[in-house]
Amino acid sequence: KTPYMRSSALVSARDFIKRNGGDVDALFEEVELEFDRTKADDEFCSFHKVLALYEIAAQSLSMENFGLEMALTLPPDFAHFSPFVYLGHFEKNARSWFNSAVEYQSMFTNGHWPELIENPEIGEATIRLHTEVSLALPRQWREFQMAGVYMLARELLNSPEVVPNVVRMRHARPENTILHDQIFREKVEFGCEHDEFVFKQEFLDLKLKGKAR
């Protein structure tokens, strides 16, 4: 199957590129992506083309950390991840929220998916992010996703101690890692086998701030 994702994922990217002076239409044309905002919630697009868009946008705007900078502009309500925020109102803890999020993710895209690996013998858990992709190490889109998910989780848990033991990324260390350290609390390793978060297993039992009473 050709990897796809819902076109609504392009809304934030278009707005961010435009705010930073980019020629949105030209960039979309370069990667052969079509977009109609009125139909974005109902249509799907090529996952590979979305990854390519993030990479060429970073080059066009001369933004080495395009993905991370875009993640930092996400609104307080995390509109880009709104279905996952919604799920947080009904799940009892972080573990059940993650499991529900995985089910929703399968309806949104077949291009990437998370896996929860629990290691009770050492008190750790890992969220591993798998990607179906022919492009080699699509850094910008993956960093946007990892930063956005991490900031959303911290917001839903509303707990300052929720800090990963380590964040692993497959791509090589960039020259400038100031934003990586700022977002992930200086816990990032590069050139790893997987894109993943490793954290204390006890965090999975934390209640969510938005949980329905």
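**Figure 1. Five strands, one open sheet.** In this predicted model, five strands line up as an open sheet in the order β3-β4-β7-β5-β6, with mixed pairing. Look at the two ends of that order: β3 (112–119) and β6 (188–189) are the edge strands, and each has a single partner, so one side of each is left without a neighbour in the sheet. If you're new to sheets, here's the basic idea: strands pair through backbone hydrogen bonds, and they can do it parallel or antiparallel.

**Figure 2. Zooming in on β3, β4 and the helix packed on them.** β3 and β4 run antiparallel and are joined by eight bridges. To find your way along this pair, start at Trp113, which stands opposite His130 in β4. Now bring helix α6 (residues 94–108) into the picture: this helix packs on the sheet and touches both β3 and β4. The direction of α6 makes about 155 degrees with that of β3.

**Figure 3. Strand β7 and its two partners.** How many of the six residues of strand β7 are buried? Five of them are, so β7 (residues 195–200) is largely enclosed by the rest of the structure. One partner of β7 is β4, and these two pair in the antiparallel sense over six bridges. The other view here is of strand β5 (residues 166–168), which pairs with β7, again in the antiparallel sense, over three bridges. Keep an eye on Glu196 in β7: Glu196 is the bridge partner of Arg128, and also the bridge partner of Arg168.

**Figure 4. Aromatic rings meeting up.** Search the whole structure and you'll find eleven aromatic pairs. Take Tyr54 and Phe66: their ring centres are 5.7 Å apart and their planes sit at 85 degrees, so this pair is edge-to-face. Tyr54 belongs to helix α3 (residues 47–60) and Phe66 to helix α4 (residues 66–71), so the pair ties together parts that are twelve residues apart in sequence. Both Tyr54 and Phe66 are buried. For another arrangement, turn to Phe199 and Phe203, a stacked pair with 6.5 Å from centre to centre and 10 degrees between the planes. Phe199 is buried, with 10% relative accessibility, and Phe203 is buried too, at 6%. Back with the edge-to-face pair, Tyr54 and Phe66 join Phe16 and Phe144 in one aromatic cluster.

**Figure 5. An arginine over a ring.** This one is quick to spot: Arg14 lies over the face of Phe28. The distance to the ring centre is 4.6 Å.

**Figure 6. Asn93, in the loop before α6.** You'll find Asn93 in the loop between α5 (82–87) and α6. Is Asn93 buried or exposed? With 9% relative accessibility, Asn93 counts as buried. Which backbone nitrogen does the side chain of Asn93 reach at 2.9 Å? That's the one of Ser96. A polar atom of the Asn93 side chain also lies 3.2 Å from the backbone nitrogen of Arg95. Look further along the chain, past the neighbours within four places in sequence, and Asn93 is in contact with Leu204, Asp205, Leu206, Lys207 and Leu208.

**Figure 7. Phe90, in the loop between α5 and α6.** Phe90 is found in the loop between α5 and α6. At 52% relative accessibility, Phe90 counts as exposed, because the cut-off for that label is over 50%. Now compare sequence with space: Phe90 and Leu208 are 118 residues apart along the sequence, yet their C-alpha atoms are 9.0 Å apart.

**Figure 8. Glu143, tucked into helix α7.** Glu143 has its place in helix α7. Its relative accessible area is 0%, so Glu143 is buried. Who surrounds Glu143? Setting aside neighbours within four places in sequence, Glu143 is in contact with Asn65, Leu68, Met169, His171 and His180.

**Figure 9. Pro138, just ahead of α7.** Pro138 sits in the loop between β4 (124–131) and α7 (139–157). At 3% relative accessibility, Pro138 counts as buried. Beyond neighbours within four places in sequence, Pro138 is in contact with Leu51, Glu55, Val133 and Arg170. What about Leu206, 68 residues away along the chain? The C-alpha atoms of Pro138 and Leu206 are separated by 32 Å.

Note on methods: Residues numbered from 1 in each chain as written. Predicted model: local features only at pLDDT ≥ 70, side-chain atom pairs only at ≥ 80, totals over all residues. Heavy atoms only, no water. Helix = DSSP H or I, 4+ residues; strand = E, 2+ residues; numbered from the N terminus. Buried < 20%, exposed > 50% of the residue type's maximum accessible area, 1.4 Å probe, protein only. Contact = heavy atoms within 4.5 Å. Phe/Tyr/Trp six-rings, centres within 6.5 Å; stacked < 30°, edge-to-face > 60°. Lys NZ or Arg CZ within 6 Å of the ring centre and 35° of its normal. Pairing = 2+ DSSP bridges. Axes fitted to C-alpha atoms, helices over the stretch in contact; angles between N-to-C directions. Polar contact = N/O pair within 3.5 Å; in protein donor to acceptor, adjacent residues only side chain to side chain.
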